[in-house]
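Here are my comments on the structure you sent, set out as numbered points. Please read them with the sequence and the coordinates open beside you.

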Amino acid sequence: MSQAPLALPAPAPKPIEKKQLIAFICMVFGMFMAILDIQIVSASLSDIQAGLSASLDEISWVQTAYLIAEVIMIPLSGLLSRAFSTRWIFVLSCGGFTLMSLLCSTATTIDQMIIYRALQGFIGGAMIPTTFATAYTIFPREKQHIISPIIGLVATLAPTIGPTVGGYLTELFSWHWLFLVNILPGILVTSATLVLIDFDKPDLSLLDRFDWLGLGSMIAFLGGLEFVLEEGPGNDWFEDKWITIFTIISVTGAIGFFTRAFTATTPIVDLRAFSNRNFAAGALLSFTMGIGLYGLTYLYPVYLAQIRDYSALMIGETMFVTGLCMFMTAPIAGRLSRAIDPRIMIGIGFIGFGMGTYMASKITADWDFWELFVPQILRGVSLMLCMVPITNISLGTLEPHAIKNASGLFNVTRNLGGAVGLALINTMLNDRTDLHLARLREQVSWGRPGVEETLAHLTGAFADLGSNASAAALKQMSLIVRQQATVMAFGDVFVALTVVFVSLVLLAPLMRRPKMGPSAGGGGH
């Protein structure tokens, strides 16, 4: 009687080379700097405005120029990294970003600052998708539960703590240090990656078929779209001629871009990744996560500044709760991604988002650190529970040759989600504030006992002003009404976000669970 052949043991996982790991950590640090710079100036724009003698309209371009330039480079980086190799695209990106940071710190006029910020965003933008792509090509799939929380944490933590870091630097030193802080780390990361990165070889033949028409169309499409989304809410949208002009430019560019994407021999951006169901669903979830990431990073500070009159430093200290929770949740999310179905994690994450925004919808003018504490915890934990599995499912199921292009697309959806979210949030805040203001004014009228009593109390409080006491009381009453209308508008926005996040739970089952077998990638050239 013959014995059944013994089963061969499964091959041991391929160890991660020390050189590759150190190179990757350096790349992650570079990506952290690039993403941090999206938000680091947001809490200190008034200081930069004073330092450069800029107008209110001009200073907003310090942020807008960076975002427009970065959103153009992110999808373009896939083609450039294949043409020049990961090493050279990352080294040039990090080195150029560092140089532009230095120039930003030396700017003496608003025009100089806007140009340097645009170049900083464009050149530095390549670091973000290149790092994501590297994580899913040089490491085997069985190690991705370690790697994905690292890049997930950096991609979400950097913009979350940006206002905190910016507030501290400006308060302790000056606004110049928002940019000077990048110099030494930038030099170290550039030098280290130049020596250590050796993941792939350049393919300069791709440049022979470079699609300049596609590039121009993409710049018009994404640049025009980002401009419209950034400037639209503050300029009454199509009431402003420039919003209308850039909308036409963006639509025309979109037609040209998508035409070239499907007809050019070597398109600027390969859209075939969207034929993968997991990637398409993951990109949509990433888009919505951008709303949660950037939208709430914007909403809380605006509330704290406008309603609670917090300084940049106090806002940063309050917002630190979210960053701390993300940092603590990252390793747990990595372990959970191996233990349970990642689609369940995504569902739990978006439900957590929804719970946090629902709690925040009860907001009043008296809310402080402790009232915002639990919503911020839910946001920080939920961000990591969503980010890790969404990234794994989206990029971890693609063929290695498709990852570089797909990484750019995946990251640009998150940025565009943030831009769309901010535009919608600002528009809704303005519209709902006006609506609540009109309704409250109907209630605050002469003859109502509560109104008369409040006015009498306020007039007494301003008695030192003599004959002007009544006018001061009326003005104070008007400010109270406007504040209440604004707070009610914040509550409405949080309700709308709750509906969006909870609805997305239904999208998670459309994704296929990735197999936890050996990766197709693994670090070859």
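**Notes on the model**

1. Asp309 sits in the loop between helix H12 (277-306) and helix H13 (312-339). Its phi is near 60 degrees, a positive value in a residue other than glycine, and with a relative accessibility of 66% Asp309 counts as exposed. Please keep in mind, for this point and for those that follow, that the model is predicted.

2. A second residue with a positive phi is Ser85, where the angle is near 90 degrees although the residue is not glycine. As background, most residues other than glycine have a negative phi. Ser85 is placed in helix H4, and because its relative accessibility is 2%, below the 20% limit, it counts as buried. The two cases therefore have contrasting surroundings, with Asp309 exposed in a loop and Ser85 buried in a helix.

3. On the overall make-up, the protein chain has 18 helices and 0 strands. Of its 525 residues, 55% count as buried. Among contacts with a separation of 6 or more, 84% are between residues 24 or more positions apart. The chain exposes about 23100 Å², and carbon and sulfur atoms supply 66% of that area.

4. Which residues touch the most other members of the largest nonpolar core? They are Met113, Phe132, Met218, Leu299, Phe350 and Phe494, in a core that has 138 residues. The largest share of this core, 17 residues, comes from H4. For Phe494, once neighbours within four places in sequence are left aside, the contacts are Leu296, Leu299, Tyr300, Thr357, Ala360, Ser361 and Ile363; Leu299 is thus both a contact of Phe494 and one of the residues listed above for the core.

5. Helix H4 (61-106) also contributes to the surface, where Phe84, Trp88, Leu92, Leu194, Val195, Leu204 and Leu207 form a nonpolar patch with about 630 Å² of accessible area together. H4 and helix H9 (183-196) each supply at least two residues of the patch, and the largest share, 3 residues, comes from H4. One member, Phe84, is found in helix H4 and is partly exposed, with a relative accessible area of 31%. That value only just allows membership, because patches are made of residues with over 30% relative accessible area.

6. Helix H14 (residues 342-360) has 19 residues and reaches 27 Å from its first C-alpha to its last, which is close to the 27 Å expected at 1.5 Å a residue. Its buried residues are Pro342, Met345, Ile346, Gly347, Gly349, Phe350, Gly352, Phe353, Gly354, Gly356, Thr357 and Ala360. Two of these, Thr357 and Ala360, are in contact with Phe494, and Phe350 is one of the core residues named in point 4.

7. The structure holds 4 salt bridges, and I comment here on the one formed by the side chains of Arg117 and Asp37, with a distance of 3.5 Å from N to O. Arg117 lies in helix H5 (residues 110-124) and Asp37 in helix H1 (residues 18-39), so the pair ties together parts that are 80 residues apart in sequence. Are these partners buried or exposed? Arg117 is buried, with a relative accessible area of 0%, and Asp37, at 0% relative accessibility, counts as buried too.

8. Another salt bridge joins Arg432 and Asp492, whose closest N and O atoms are 2.8 Å apart. This pair links distant parts of the chain, with Arg432 in helix H16 and Asp492 in helix H18 (residues 469-503), 60 residues apart. Arg432 counts as partly exposed at 28% relative accessibility, whereas Asp492 counts as buried at 18%.

9. Asp341 forms a salt bridge with Arg343, the closest N and O atoms being 2.6 Å apart. Here Asp341 counts as buried at 14% relative accessibility, while Arg343 counts as partly exposed at 24%.

10. Finally, Asn426 lies in helix H16 (residues 400-443). Its relative accessible area is 19%, so the residue is buried, although that value is just under the 20% limit. Leaving aside neighbours within four places in sequence, Asn426 is in contact with Pro233 and Tyr298.

Notes: Residues are numbered from 1 along each chain as its sequence is written. This is a predicted model: local features need pLDDT of at least 70, side-chain atom pairs count only at pLDDT 80 or more; totals for chains, interfaces and linings use all residues. Side-chain values use heavy atoms; hydrogens and water are left out. Patches are made of residues with over 30% relative accessible area and no salt bridge: like charges are joined within 9 Å, nonpolar side chains (Val, Leu, Ile, Met, Phe, Trp, Tyr) within 5 Å. Accessible areas come from the Shrake-Rupley method with a 1.4 Å probe; for residues, only the protein chains shown count as cover. Helices (H or I, at least four residues) and strands (E, at least two) are DSSP runs, numbered from the N terminus. Buried means under 20% relative accessible area, exposed over 50%, partly exposed in between (1.4 Å probe, protein chains only). A nonpolar core is a set of buried Ala, Val, Leu, Ile, Met, Phe, Trp, Tyr and Cys residues joined through side-chain atoms within 4.5 Å. Contact means heavy atoms within 4.5 Å. The expected span of a helix is 1.5 Å times one less than its number of residues.
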